[in-house]
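Here are my notes on the model you sent round. Please read them with the structure open.

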Amino acid sequence: MDVPMLVYAFLIFYPLFMLWRRIDRKRDRECYILDYECHKPTDDRKLDTEFSGQVIRRNKNLGLNEYKFLLRAIVSSGIGEQTYGPRIIFNGQEENPTLQDLISEMEEFFHDSIGKLLARSGIAPKEIDVLVVNVSMQSVVPSLPAMIINHYKLREDVKVFNLTGMGCSASLISVNIVQNIFKTYKNAYALVVTSESLSPNWYAGSDRSMILANCLFRSGGCAMLLTNKRALKHRAMLKLKCLVRTHHGARDESYDCCHQREDDQGRSGIHLDKSLPKVATRALVDNLREITPKILPVRELLRFMVVSFIRKYWKYWSHRSTKGAAGSSPKPVINFKTGVDHFCIHTGGKAVIDGIGVSLDLTEHDLEPARMTLHRFGNTSASSLWYVLAYMEAKRRLKKGDRVLMMSFGAGFKCNSCLWEVLRDLGDAGNAWTDCIDSYPPNSLTNPFLEKYGWINNEDDPSTFAFPSPNS
C-alpha cells in the first residue's frame with residue numbers, strides 16, 4: 001500500500017474513530033436508577049385523628065382562634081389518618097427534643113431503607129463510590145453521611161456530599177450532583193439518601209405562619225442506588241434524560257417566603273409566608289420555560305408558536321376593527337402529554353397539586369399519584385417525589401419507554417424538575433404501598449377532623465373557651 005493510500009485511509013478512519021470514541025464516552029455518562037427504597041415507619045408512629053387532637057391539646061400556647069385555624073388547615077390539607085410522625089410526639093417530648101432523639105430518628109430510617117436497598121440490589125457497601133445525603137434541617141457532628149459510612153463500612157475513598165437547608169427540592173439536587181460526577185467517573189455506584197428530621201423542628205408556639213408546617217410535614221425518607229455502568233442498563237429501572245434547576249434566591253420575596261426562624265417567644269419553626277403560592281408559580285413558570293424545549297417534540301413546540309402568533313395577530317386586528325370592544329380569546333396551552341406520560345408532583349399540599357394541575361392542564365388521573373401520596377404519607381419533604389413514583393409503580397402504570405416528569409419546590413426559593421425514561425415494565429417488586437395499594441384511591445379523601453372537632457367553629461368567646469378533657 002503506497003503512502004497516498006495510507007494518508008487517505010487515515011483521513012477517512014480517524015474522524016470516524018474520534019466520533020465513535022465521543023459517542024462511546026457519552027454512553028458511560030448516563031445516569032441510571034437501579035433501585036430505590038421508600039421508608040415506611042412502624043405503625044406505632046401513625047398520626048390518626050384522635051392522637052392528633054391530643055398533641056394539639058398539649059400545646060398550652062393555643063387558643064380558640066388558633067384551634068379554628070388549625071381545623072381549617074387540617075381539613076383542607078388533603079392528609080389522611082395513616083401518616084407518620086417522629087417518636088418524640090408519641091413520647092410527649094415535642095417541646096424538649098434531645099440530640100439523641102434527632103439521631104435516633106435518622107438511624108431508624110438509615111438502617112431500614114439503606115439496608116433493604118442494598119440487600120435487594122445485591123450491591124455490597126464497599127462497592128459504593130459516591131454518597132450524597134440531604135436532610136435539610138439537621139446538622140450533627142459527626143455528620144449524617146459519616147453515620148452511614150460507619151454503620152455500613154463504606155470505603156475510605158468514597159466521595160461524600162452532605163446537603164442541608166435545601167428544602168423539599170433537595171433530592172433532585174442530589175441527583176444532579178450524581179449526574180455531574182458520572183461525567184468524570186466511569187462504572188460508578190452512587191447512593192443517594194433523602195429525608196427530613198422532624199424531631200427538633202416541631203413547632204410548639206402559636207404563630208399561624210409557623211404552626212401550619214405541623215399540619216403538612218410528616219416522617220419519611222428514601223434511599224436510591226444509581227449507576228452509570230452500561231452493562232447494568234438491563235437491570236436499571238429509569239434513565240435520566242434531563243434535569244433543570246431554577247433558583248430565585250436573588251429576589252427578596254422568594255428568599256423570605258419560607259424561612260426557619262424564631263417567633264416572639266423564641267420558639268423556632270418554619271415560617272410559611274402568604275406570598276408562597278405566588279413565588280412558587282413564578283419559579284414554576286421560569287423552570288418550565290427552560291425544560292419544555294428539552295422534553296417536548298418539535299411538532300408541539302411549533303404548534304404552540306403558530307397558535308400563539310395567530311392569537312396575537314387576531315387580537316391586534318380585532319382590537320383595531322372594533323375599537324377595543326373585542327372579547328379576549330383563550331390563551332394557547334402547551335400539551336405536555338405529547339412528551340410526558342406520567343407526572344410526579346411534589347406533595348407540598350393540596351393547593352400545590354391543584355395549582356400544577358391547572359398550569360399543565362392535567363386530568364385527575366394524572367394528579368392521582370400525588371393526591372394519594374399526600375393522603376397516605378403527607379408531605380415528606382424532599383423524599384415525597386419517590387413515594388409518588390412508588391404509587392405509580394405499585395399501580396403498574398410504568399411501562400417500558402414511558403417518560404416521567406418530576407417537579408419539586410424548595411426554600412430559597414427553588415423549583416427543580418427532571419425527566420426520566422422507564423427502561424422496563426415496573427410493578428413486580430413490592431414497596432411502601434404494597435399493603436394498602438388495593439384500597440387506593442379511596443371513595444373519599446375527606447379526613448374525620450371536621451366531624452370530630454367541628455364543634456369548635458360554634459364557639460365564639462376565646463376568653464372563656466376551654467378544650468374539654470378526653471374523658472368528658
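The points below go from the whole chain to single residues.

1. Overall make-up. This is a predicted model. The protein chain holds 15 helices and 11 strands. Of its 472 residues, 51% are buried. Contacts at a separation of 6 or more are mostly long-range: 81% of them join residues 24 or more positions apart.

2. Main core. The largest nonpolar core contains 48 residues. Leu-226, Trp-386, Leu-389, Met-406, Trp-420 and Trp-433 have the most contacts inside it. Helix α14 gives this core its largest share, eight residues. A separate core has 39 residues, including Ile-79, Val-340, Phe-343 and Ile-345. As a rule, nonpolar side chains in soluble globular proteins tend to be buried together.

3. Trp-386. This residue deserves a look of its own. Which residues does Trp-386 contact, leaving aside neighbours within four places in sequence? The list is Ile-33, Tyr-36, Cys-38, Ser-171, Val-175, Thr-194, Cys-222, Met-224, Met-406 and Trp-420. Of these partners, Met-406 and Trp-420 are also named among the core residues with the most contacts.

4. The α13/α14 pair. Helix α13 spans residues 364-377 and helix α14 spans residues 384-394. The two pack at an angle of about 115°, and their axes are 9 Å apart. The crossing is right-handed. From α13, the contact uses Glu-368, Pro-369, Ala-370, Met-372, Thr-373 and Phe-377. From α14, the partners are Ser-384, Tyr-387, Val-388, Tyr-391 and Met-392. By class, that makes eight nonpolar, two polar and one charged residues.

5. Ser-381. The loop between α13 and α14 holds Ser-381. Its phi is positive, about 60°, although Ser-381 is not a glycine. Most residues other than glycine have a negative phi. Is Ser-381 buried or exposed? Its relative accessibility is 2%, so Ser-381 counts as buried, the cut-off being under 20%.

6. Arg-396. Beyond α14, the loop leading to β10 contains Arg-396. Here too phi is positive, about 55°, in a residue that is not a glycine. Arg-396 has a relative accessible area of 44%, and therefore counts as partly exposed.

7. Cis peptide bonds. Two deserve a check by eye. The bond joining Val-141 and Pro-142 is cis, with omega about -5°. Pro-142 sits in the loop between β2 (130-135) and α6 (144-152). The bond from Gly-412 to Phe-413 is also cis, with omega near 15°. Phe-413 belongs to the loop between β10 (403-410) and β11 (414-422). Most peptide bonds are trans.

8. Helix α6. The buried residues of α6 are Leu-144, Pro-145, Met-147, Ile-148 and Tyr-152. Why do the buried residues of α6 line one face of the helix? Seen down the axis, they fall within an arc of 155°, so they line one face. Their cover includes α5 (99-121), β2, β3 (159-163) and β4 (189-195). Lys-153 follows α6 and has a positive phi, near 55°.

9. Helix α8. Helix α8 (residues 208-216) is mostly covered, with seven of its nine residues buried. The buried residues are Ser-209, Met-210, Ile-211, Ala-213, Asn-214, Cys-215 and Leu-216. What covers them includes α3 (64-75), β7 (258-262) and β8 (268-272).

10. Asp-361. The loop between α12 (350-360) and α13 contains Asp-361. Asp-361 has 53% relative accessibility, so this residue counts as exposed, for which the cut-off is over 50%. Asp-361 still touches Val-333 and Lys-337, with residues up to four places away in sequence not counted. Its C-alpha atom is 7.6 Å from that of Asn-335, although the two residues are 26 apart along the chain.

Note on methods: Residues numbered from 1 in each chain as written. Predicted model: local features only at pLDDT ≥ 70, side-chain atom pairs only at ≥ 80, totals over all residues. Heavy atoms only, no water. Axes fitted to C-alpha atoms, helices over the stretch in contact; angles between N-to-C directions. Helix = DSSP H or I, 4+ residues; strand = E, 2+ residues; numbered from the N terminus. Left-handed = near helix turned anticlockwise from the far one by under 90°. Contact = heavy atoms within 4.5 Å. Nonpolar A, V, L, I, M, F, W, Y, C, P; charged D, E, K, R; others polar. Core = buried A, V, L, I, M, F, W, Y, C linked by side-chain atoms within 4.5 Å. Buried < 20%, exposed > 50% of the residue type's maximum accessible area, 1.4 Å probe, protein only. Arc of directions from axis to C-beta.
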